[in-house]
Amino acid sequence: MVSPSGPFQLPCGYFLHIFDVLESTMDEAYKLAKAGAPAGTIVLAQRQTKGRGRLGRPWVSLMGNLFISLIFRPTCPLSRVSELGFLLAHSVGLALSACTSSSLEVHYKWPNDILVRNRKIAGLLLEAELSADMLASSSPQWLVVGLGLNLKSAPEDVGYPVTSLQAEGFSVSPSRFLSFLCLEIDHLLTQWGDQGFSPIREAWLSKAWGIGREMTLLRGKEKITGFFETIAPDGSIILKNEEGARYQMATGEILLGLQQNSN
Ligand code: BTN
C-alpha cells in the first residue's frame, strides 16, 4: 500500500487506502468492510489487473484513470439501496463540472453510467454481500460502490462510444477529482437524508440520457424495446411501447452504440 499522504486532500470522514496495483478495488473494499472499516473508507488503485464492470464484464483499467471503491453503511431498507447509485452518478456529474469549471455536456444513462457528449466516461458498480443477517435486519451492513472514470484515456474496442476527460480537453489528476467528488457526495448524502430520493431523482432525470427515445433493454437474456418514459420513484426504468403498454424494470441495462446502433 502506498502512503495515503501526498496530494489527496479529502473532507473529514473519508479514509483513503491507496495501492499501486490491485486485482480489483472491489475485493479490497470487501475485505475492509468485513473487517469493520467505517463508512467513508475509499480504496484507490493506480492500476487494476482484474477490474470488473457490471454484468460480469471486465473493466479495462489503464494507468492514469481513476479506480476507486467506496464503503457505505446505509441505514435505509434494502429496497432503497439502489437510490445510492443515482446519488453517486449525480455526484460524479457535478464533480466533473466543478473540477473542470465548465459546463460539460454530462448525461446519466440508466442505471449507473455517466456520459459526456453521449460517450461513456464513467461507470458505477454497486455490490453488497447478502448474508442471512443482512436480510433479517432488512438493511445492508455495508455496500461497496466502485467507480471507474476515464480521466486520461478511454479503452478501445469496447463496443460502445467512450471518451475521457483528457480527450474532452481537460487534464485532471485522480486526487483533484476525488476531492471534488467527496464534497459532492457529502452534499447529496445530506440532501438524501433530509429530503429523501425525490430531489436526486429529479436532478438525475434532468440529465437523463435518451428520454423519449426508442431503446432496447437487456435483462438477463431477455430484450425489451420501447420508448424511455421516465424512472419510477424507486429508480426502476419505465419503457412504453407503441401500443402504450408500459414495462417497469428494476434491473437491466440499456444497449448502447454498436450493441444497438443507436448513436
Ligand atoms: C460499469 O460501468 O460496468 C461499472 C464499472 C465499474 C469499474 C470500477 S473501477 C473501480 C472498481 N473496481 C472494479 O473492479 N470495478 C469498479
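Here is a chat about helix α1, the ligand and V162 in a predicted model.

Colleague: Let's start with the helix. What makes α1 largely enclosed by the rest of the structure?

Modeller: Helix α1 runs over residues 25–34, and seven of its 10 residues are buried, so the rest of the structure largely encloses it. The buried ones are T25, M26, E28, A29, Y30, L32 and A33. Buried here stands for under 20% relative accessible area.

Colleague: And what covers those buried residues of α1?

Modeller: Strands, for a good part of the answer: the cover includes β1 (15–22), β2 (41–48), β3 (66–72), β6 (119–127) and β7 (143–149).

Colleague: Why is S24 called a cap of α1?

Modeller: Look at the N-terminal end of the helix: a side-chain oxygen of S24 lies 3.0 Å from the backbone nitrogen of M26. The cut-off for a polar contact is within 3.5 Å, and with its 3.0 Å the S24 pair meets that. Past the other end, just after α1, G36 has a positive phi of about 95°.

Colleague: On to the ligand. Which residues come nearest to it?

Modeller: Of the 20 residues around the ligand, the nearest are S24, Q48, R52, R54 and K120.

Colleague: How do you know that S24 makes a polar contact with the ligand?

Modeller: A side-chain N or O atom of S24 is 2.7 Å from an oxygen atom of the ligand, and the limit is 3.5 Å. Q48 passes as well, with a polar side-chain atom 2.9 Å from a ligand nitrogen. R52 uses its backbone instead: an N or O atom there lies 2.7 Å from a nitrogen atom of the ligand. As for cover, the ligand has 410 Å² of accessible area on its own, and the protein covers 98% of that.

Colleague: Where does the ligand sit, and which element gives the most to its shell?

Modeller: The ligand takes up the second largest pocket. β6 gives the most to the shell, with four residues, while α1, β3, β6 and β7 each supply at least two.

Colleague: Last one: why is V162 called partly exposed?

Modeller: V162 has a relative accessible area of 22%. Buried would need under 20% and exposed over 50%, so a value in between counts as partly exposed. You'll find V162 in the loop between β7 and α4 (174–195).

Colleague: What does V162 touch, leaving aside its neighbours within four places in sequence?

Modeller: V162 is in contact with R119, K120, A154 and P155. G13 is another matter: 149 residues away along the chain, its C-alpha atom is 33 Å from that of V162.

Terms used: Residues are numbered from 1 along each chain as its sequence is written. This is a predicted model: local features need pLDDT of at least 70, side-chain atom pairs count only at pLDDT 80 or more; totals for chains, interfaces and linings use all residues. Side-chain values use heavy atoms; hydrogens and water are left out. Buried means under 20% relative accessible area, exposed over 50%, partly exposed in between (1.4 Å probe, protein chains only). Contact means heavy atoms within 4.5 Å. A polar contact is a pair of N or O atoms within 3.5 Å; within protein, one must be able to donate a hydrogen and the other to accept it, and residues adjacent in sequence count only if both atoms are side-chain atoms. A residue is near a molecule or strand if one of its heavy atoms lies within 4 Å of it. Accessible areas come from the Shrake-Rupley method with a 1.4 Å probe; for residues, only the protein chains shown count as cover. On a 1 Å grid over the protein atoms alone, a cavity is a set of points where a 1.4 Å probe fits but cannot get out, and a pocket is an open set with protein on both sides within 12 Å along at least five of seven lines; lining residues have an atom within 4 Å of a point. A molecule sits in a cavity or pocket if more than half of its atoms lie within 2 Å of its grid points.
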